[in-house]
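Hi everyone, thanks for making time this morning. I'd like to walk you through one model, starting with a pocket and then stepping back to the whole chain. Here it is on the screen.

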Amino acid sequence: MIWFTEYQTKNTGLTVKVKEAKHIQSKYQEILLLDTYEYGKMLVLDGAVQTTERDEFIYHEMLSHPALIKHRNPERVLVIGGGDGGTVREVLKHPEVKQVHLCEIDEEVIKVSKEHLPTISNQLDNPKVSIFVEDGNKFLDERKSYYDVILLDLSDPVGPAEALFKRAFYEKVKGALREGGIMAAQTESPFLQELYFKTAVKEIQKVFKYYGTYLAFIPTYPAGMWSFTIASDDVDVTKTDAKELEKLKNLNTKYFCDKIYTSLFSLPKFVSDLIK
């Protein structure tokens, strides 16, 4: 019998029973592919759960669709991180999208996902998708005013990834957006990762004129309460119109829906207080 525990803080964690485990040491990190009884296959990077077959749709839908719906014509989309392919899969549900660039620093994550997580990675070979195995920070230096939507599907802000949650990085993201561009980022748990959450959101607020933070319930993430922040210099992302709701009707989703979208920025008071 195998049990795996992700220590989400010094005092708490998520423990799952595992049928089978595969271990890969990449150039950048330890990769575990766990076949669990409760959540199906689970991808773990450096001890932190990234995605599972059972609940991945929640995270990927909520990171992707609000920004893509709010943009008037999202033809060019960049995903930084997200080597499992789930965000790319959701992006391609929007017929306006003509080009998707995936920038993932660790090629092994892509390989493992293609081999073991086909329901998540099944659009990585789509002809609209180009994959760049590069550092997202450096990648943005070469792309100015190019993308309509940029989605930051990043791991936790520790080690090398810490720089991707700082104002300088968000400035690069803004510089890579075309006029009317929108970005969305995962911004950690406001309950168990309060400092990470506050830092990420406030750094985004310093860079973009318009911004909004929203939540989703993701069972395998710390506390189950996860945050995302959407931002733009040109589009008031907190407002909703009828055209956006019409676009939403055609989406094939399991979590994201019109009721969630129209109340997207309704936050618990303690979360709002953290980012005032």
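Before the pocket itself, a quick word on terms: a pocket here is an open set of points on a 1 Å grid, with protein on both sides within 12 Å along at least five of seven lines. Its volume is the space filled by probe spheres set on those points. And please keep in mind that this is a predicted model.

So, the second largest pocket. Its volume is about 170 Å³. Which residues line it? Going along the sequence, they are I69, K70, H71, R72, G180, V235, D236, D241, K243, E244 and K247. By character, the lining of this pocket divides into seven charged residues, two polar and two nonpolar.

Where does that lining come from? Two helices, α1 (56-70) and α8 (242-249), each give at least two residues. The largest share belongs to α8, with three residues.

Now let's zoom out. The protein chain has ten helices and twelve strands. Its radius of gyration is 18 Å, close to the 19 Å from the globule rule for 276 residues, so the chain is as compact as a globular protein of that length. Along the principal axes, the C-alpha trace spans about 55 × 45 × 35 Å.

Inside, 53% of the 276 residues are buried. Of the contacts with a separation of 6 or more, 67% are between residues 24 or more positions apart. On the outside, the chain exposes about 12,500 Å², and carbon and sulfur atoms supply 49% of that.

That's my tour, and I'm happy to go back to any view.

Definitions and conventions:
Residues are numbered from 1 along each chain as its sequence is written. This is a predicted model: local features need pLDDT of at least 70, side-chain atom pairs count only at pLDDT 80 or more; totals for chains, interfaces and linings use all residues. Side-chain values use heavy atoms; hydrogens and water are left out. On a 1 Å grid over the protein atoms alone, a cavity is a set of points where a 1.4 Å probe fits but cannot get out, and a pocket is an open set with protein on both sides within 12 Å along at least five of seven lines; lining residues have an atom within 4 Å of a point. Helices (H or I, at least four residues) and strands (E, at least two) are DSSP runs, numbered from the N terminus. Ala, Val, Leu, Ile, Met, Phe, Trp, Tyr, Cys and Pro count as nonpolar, Asp, Glu, Lys and Arg as charged, and the others, Gly among them, as polar. The radius of gyration is taken over C-alpha atoms; the globule rule is 2.2 Å times the number of residues to the power 0.38. Buried means under 20% relative accessible area, exposed over 50%, partly exposed in between (1.4 Å probe, protein chains only). Contact means heavy atoms within 4.5 Å. Accessible areas come from the Shrake-Rupley method with a 1.4 Å probe; for residues, only the protein chains shown count as cover.
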